[in-house]
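Student: Could we go through a model together and check how its labels are earned? I would like to see each value set against its rule.

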Amino acid sequence: MIQETKIADEALDLSSALKEKIDKLVPRYPEKKSASLPLLHLIQEEKGYISKPAMEWVAEKVEVEPISIYGLVTFYPMLREKPIGKKHIKVCRTLSCALNGGYNVCDTFKKEFDCDLGEISEGGEATIEFVECLASCGSGPVVQVNEVMHENVTPEKAAEIAKQIRSGKI
């Protein structure tokens, strides 16, 4: 039976399959709080981000103070507090990518989608983020669109990637 929490499950609008998965996952940990990150990942996977009510719900589920969960969400860059566009464009900004034109690539994406970093473009197509190392230093500048890596990206190639995103090819 799915355990109810004080915070209304309906407010989170989590699927019943996810709630069941969570209820089976938590007892597998010797300490409930150890399930915090896996639960956050599962919620983000389904919802696209982790809302404040979701953080409070997780805190209650693993029996910790909400500030502990908020600390995790704000510490780890892969966890998001707000929705993003359909395509998450991550442009590497570390040294080798920067020296090879990463900043120009990022500016190209901002221009192509007419939005600033962290914003959702018109129509919800994309969110652009300037991130630390994408672990492909020898082929920079590197751009990751959702889970697909693009290497040796020039401003021209960035414009082509943007065109493919708008046309639905990517």
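Tutor: Happily; we will take a helix pair and then some aromatic rings. This is a predicted model, where local features need pLDDT of at least 70, side-chain atom pairs count only at pLDDT 80 or more, and totals for chains, interfaces and linings use all residues. Residues are numbered from 1 along each chain as its sequence is written, and side-chain values use heavy atoms, leaving out hydrogens and water.

Student: Why is α4 called oblique to α5?

Tutor: The axes of α4 (residues 52-62) and α5 (residues 66-75) come within 8 Å and cross at roughly 120°. Under 35 degrees is roughly parallel, over 145 roughly antiparallel, 65 to 115 roughly perpendicular and the rest oblique, so α4 is oblique to α5.

Student: Which residues of α4 and α5 meet?

Tutor: With contact meaning heavy atoms within 4.5 Å, Lys 52, Met 55, Glu 56, Val 58, Ala 59 and Val 62 in α4 meet Pro 66, Ile 69, Tyr 70 and Val 73 in α5.

Student: What makes the pair of Phe 75 and Tyr 76 edge-to-face?

Tutor: Rings pair if their centres lie within 6.5 Å; planes under 30 degrees apart are stacked, over 60 edge-to-face and the rest tilted. Here the centres are 4.9 Å apart and the planes at 85°, so the pair of Phe 75 and Tyr 76 is edge-to-face.

Student: How do you know whether Phe 75 is buried or exposed?

Tutor: Buried means under 20% relative accessible area, exposed over 50%, and partly exposed in between (1.4 Å probe, protein chains only). Phe 75 has 61%, so Phe 75 is exposed, while Tyr 76 at 28% is partly exposed.

Methods. Axes fitted to C-alpha atoms, helices over the stretch in contact; angles between N-to-C directions. Helix = DSSP H or I, 4+ residues; strand = E, 2+ residues; numbered from the N terminus. Phe/Tyr/Trp six-rings, centres within 6.5 Å; stacked < 30°, edge-to-face > 60°.
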